[in-house]
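Please work through the exercises below with the sequence and the model side by side. Each one sets a task and is followed by a solution in steps.

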Amino acid sequence: MRVLGVDPGLTRCGVGVVEGVAGRPLTMLGVGVVRTAADAELGHRLVAIERGIEEWLDEHRPEYVAVERVFAQHNVRTVMGTAQASAVAMLCASRRGIPVALHTPSEVKAAVTGGGRADKAQVGAMVTRLLRLDAPPKPADAADALALAICHIWRAPAVNRLQQAHAAAAVARIPRVPRTAAAPVRKVPR
C-alpha cells in the first residue's frame with residue numbers, strides 16, 4: 001500500500017509518502033513541505049498548495065491519501081487555514097479517484113508512539129525509527145505527514161473490516177419484501 005500523508009497548513013503543508021503493509025517494515029518514498037508566503041493572497045496560497053500536492057500525486061502515484069482531520073482550536077484563523085489546506089488536499093485526491101482517509105492528531109500519535117498525547121519530538125523520533133531514517137524529517141510538518149501515512153497503513157485493514165461488517169449488518173437489517181404472485185411463465189416452442 002502506498003499512502004501520501006498530508007499535514008495541512010497554509011504556510012507549511014507537510015507531505016510524505018510511505019509504502020508498506022501492516023506488520024512489515026515500511027519504506028519512506030519521499031518527504032517534504034509545500035510552502036506559501038504568509039503575506040500572499042489567500043487564493044494564490046491555495047493554488048500553490050494545489051500545485052504542490054498535484055506534483056506529489058503525479059510523482060508518487062499513491063493508492064490512498066491520509067489527511068489530518070481538522071479539530072477545534074482556540075485560534076480560529078489557524079483552524080480556517082488548516083481546514084482550507086485540508087480541503088485542497090482532499091479535492092486533489094478525489095479528483096483523481098484516490099480514496100481519502102481523515103485521521104485525528106491523537107489517532108496518529110497513538111498509532112505511531114503508543115500514546116495519543118505525544119509531543120512533536122516524540123512523533124519525529126518514532127517516525128525516524130519506524131522508517132529507519134538517519135534523522136527526524138524537518139520541519140515537524142514533514143514528520144507529521146509521514147506519521148499520517150504510517151497511521152493509515154496500520155489502521156486501514158481494521159477500518160476496512162469494520163466498514164465491511166457495518167455494510168453487511170445494514171444489508172441484513174433491510175426488511176425482505178414478499179414476492180407477489182406472478183403470472184406463470186409460458187415456454188415458447190422453438
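The exercises go from the whole chain to the sheet, then to a pair of helices and a single proline.

This is a predicted model, in which local features need pLDDT of at least 70 and side-chain atom pairs count only at pLDDT 80 or more, while totals for chains, interfaces and linings use all residues. Residues are numbered from 1 along each chain as its sequence is written, and side-chain values use heavy atoms, with hydrogens and water left out.

**Exercise 1. Describe the chain as a whole, starting from its helices and strands.**

Step 1: The chain has five helices and five strands, where helices (H or I, at least four residues) and strands (E, at least two) are DSSP runs numbered from the N terminus. Step 2: Along the sequence these elements follow the pattern β-β-β-α-β-α-β-α-α-α. Step 3: Of the 190 residues in the chain, 36% are buried, a term that means under 20% relative accessible area, with exposed meaning over 50% and partly exposed in between (1.4 Å probe, protein chains only). Step 4: Among contacts with a separation of 6 or more, 62% are between residues 24 or more positions apart; contact means heavy atoms within 4.5 Å.

**Exercise 2. Work out in which order the five strands form the sheet, and follow the pairing of S4 on both sides.**

Step 1: The five strands form an open sheet in the order S3-S2-S1-S4-S5, with mixed pairing, and two strands count as paired if DSSP finds at least two bridges between them. Step 2: S3 (27-35) and S5 are the edge strands, each pairing on one side only. Step 3: S1 and S2 (residues 12-19) run antiparallel and are joined by six bridges, and Asp7 has Gly14 in S2 as its bridge partner. Step 4: S1 (residues 2-7) pairs with S4 in the parallel sense over four bridges, and here Leu4 is matched with Val65 in S4. Step 5: S4 is also joined to S5 (residues 100-103) by four bridges, again in parallel, with His103 in S5 as the bridge partner of Glu68. Step 6: Four of the five residues of S4 (residues 64-68) are buried, so this strand is largely enclosed by the rest of the structure.

**Exercise 3. Determine how H3 and H4 cross and which residues meet there.**

Step 1: The axes of H3 (residues 105-113) and H4 (residues 120-130) come within 9 Å and cross at roughly 50°; axes are lines fitted to C-alpha atoms, for helices over the stretch in contact, and angles run from 0 to 180 degrees between N-to-C directions. Step 2: H3 and H4 are therefore oblique to each other, since angles under 35 degrees count as roughly parallel, over 145 as roughly antiparallel, 65 to 115 as roughly perpendicular and the rest as oblique. Step 3: Lys109, Val112 and Thr113 in H3 meet Gln122, Val123, Met126, Val127 and Leu130 in H4.

**Exercise 4. Locate Pro137 and decide whether Pro137 is buried or exposed.**

Step 1: Pro137 lies in the loop between H4 and H5 (140-173). Step 2: With a relative accessible area of 11%, Pro137 is buried. Step 3: Leaving aside neighbours within four places in sequence, Pro137 is in contact with Val31, Val127, Thr128, Ala142, Ala143 and Leu146. Step 4: Pro137 and Val31 are 106 residues apart in sequence, yet their C-alpha atoms are 7.6 Å apart in space.
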